[in-house]
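Work through the exercises below with the sequence and the model open. Each task is followed by a solution in steps.

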Amino acid sequence: MDLLAGLGRVLAEGIVADRNFPPFDRATRDGYAVRAADLAEVPAQLEVVGEVKAGEWPEPGVCSVGRGQAVGIMTGAPLPTGADAVVMVEHTSTALSSHPNVAKNATLGWGTLGCDTLGYDTLGEKFVEIRRGVSRGENFVPRGAEALAGQVLLDRGRRLDHAGIAIAASVGKSRVQVFRKPRVAVLSTGDEVVEIDVMPGPAEIRNSNSYSLAAQVQNAGGEAVRLGIAPDEPRRLRALIEEAWIEEGLACDLLLLTGGVSMGKYDLVEQVLGELKAEFYFTGVEIQPGRPVVFGSCGAGFPACADGEVAADTRARAPAPHKKCFFGLPGNPVSTMVTFELLARPMVEALAGMTPRRLVFLRARLKSEIRTKTGLKRFVPAVLSGEFENAEVELARWQGSGDIAALAGANCYVVIPPERERIEAGEWVPLLMR
Ligand code: AMP
Ligand code: MG
């Protein structure tokens, strides 16, 4: 892909330094290239014998620094031979003078060679007075100190962010090889759930989960395929699940189901997956919201069901069967979001070719006391505010994990350990950013 189109994609190749970084001893200050030994005693007067701008090459012999000499140098310019440090211009004064007694008639900072800033005769030599000593190696980065030619700067499996783009750009990679995005099927379940462009009946609700999940999948580096809504009816649910795995052009790498995994009479997802010979890796997590979440895979021999038109049809067109994973996420919107972030996101990242990142929990000071029930690790929508190092967090007012409106004001989740019944205001608490 073109480099910029690769933003958010996962590298399928390592990005390698094509030359040394920096490629030359690079000045990191505007000032004078000097020999540190000449500044053993300060103030010292050095003869200015040249100037290097960024982009100029100081030809040795033409522009080099001998004993008692200095060369004007700009940030990003190569250090001339002979110099072993750079003095910041802020610590210098210059004047044109036939006498190295510049202090009396000095002007701060730059003089211009051949031009008389103080009204001196332009025929005089130019000297710089330096008021501060430097150590060898100060104010420049030696050639190759950041990276050596051939060194891998970004590993395969890294997701390209703006810094990664800068690294690729700096080694001349205008095109990058990236992995295909994994296709993640999203299937909502529930007799009460209707599509978002349909006017819901009095007992119906709109399918927001397919959209939040599709957005989370995209954020995680996947491509979401929304499969619509399955009713709480086993045959249709099974047919739609099979479709997600098998139907041509829809071959998906992962299936996300929402709803139908808790204890209700019509929560059929686990049952139907069981009929499909699914292997479950876990069928619940000690968290709230999201406790009933299930994770597993359907493997070789799939589809296992014998009846149903869709099944027969898709079996004929099935690719070589292999294991594919699914998550059954709880239907409550906040549960869906939290369980995706905690459990499904690393899976999407792995399928994207990425080395999955560890979840990062920040910490902030709690604004007001929390009282809660023990037993489960809780993720409660919260508002992180405050500036710089004074971050403060407060729980959002919410009616539980079905409360979508509460998410509007929230920007993170406070994580409450299972054993805590009460957390005092002022305590530092872990946060999961949204
Ligand atoms: P369930 O997990 O199926 O018991 O659903 C739990 C709650 O989430 C119920 O109040 C459902 O109406 C709601 N819900 C289920 N699926 C969705 C969805 N796709 N979009 C929005 N809310 C949903
Ligand atoms: Mg349901």
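**Exercise 1: Unusual backbone**

Proline 22 is found in the loop that joins β1 (15-16) to β2 (26-27); strands are DSSP runs of E with at least two residues, helices are runs of H or I with at least four, and both are numbered from the N terminus. The model is predicted: local features need pLDDT of at least 70, side-chain atom pairs count only at pLDDT 80 or more, and totals for chains, interfaces and linings use all residues. Residues are numbered from 1 along each chain as its sequence is written, chains are lettered from A and ligands numbered from 1 in the order in which they are written, and side-chain values use heavy atoms, with hydrogens and water left out.

Task: describe the peptide bonds that precede proline 22 and proline 43, and the phi of lysine 277.

Solution.
1. The bond from phenylalanine 21 to proline 22 is cis, with omega near -10 degrees.
2. From valine 42 to proline 43 the bond is also cis, with omega near -5 degrees. Proline 43 sits in the loop between β3 (31-34) and β4 (44-52).
3. Lysine 277, a residue other than glycine, has a positive phi near 60 degrees. Its loop runs between α4 (269-275) and β17.
4. For background, most peptide bonds are trans, and most residues other than glycine have a negative phi.

**Exercise 2: Ligand 1**

Task: list the polar contacts given here for ligand 1 (pairs of N or O atoms within 3.5 Å), then describe the shell.

Solution.
1. A side-chain N or O atom of serine 188 is 3.3 Å from a nitrogen atom of the ligand.
2. Serine 208 places a backbone N or O atom 3.2 Å from a ligand nitrogen.
3. Glycine 331 has a backbone N or O atom 2.9 Å from an oxygen atom of the ligand.
4. Elements giving two or more residues to the shell are β12 (183-189) and β14 (205-206).
5. By class, the shell has 4 nonpolar, 11 polar and 3 charged residues; Ala, Val, Leu, Ile, Met, Phe, Trp, Tyr, Cys and Pro count as nonpolar, Asp, Glu, Lys and Arg as charged, and the others, Gly among them, as polar.

**Exercise 3: An aromatic pair**

Task: which geometry do phenylalanine 280 and phenylalanine 326 adopt?

Solution.
1. Ring centres of Phe, Tyr or Trp (its six-membered ring) must lie within 6.5 Å; planes under 30 degrees apart are stacked, over 60 edge-to-face, the rest tilted.
2. The whole structure has 4 aromatic pairs.
3. In this pair the centres are 5.6 Å apart with 80 degrees between the planes, which is edge-to-face.
4. Phenylalanine 280 belongs to β17 (residues 279-282) and phenylalanine 326 to β20 (residues 324-329), so the pair ties together parts 46 residues apart in sequence.

Key
Polar contact = N/O pair within 3.5 Å; in protein donor to acceptor, adjacent residues only side chain to side chain.
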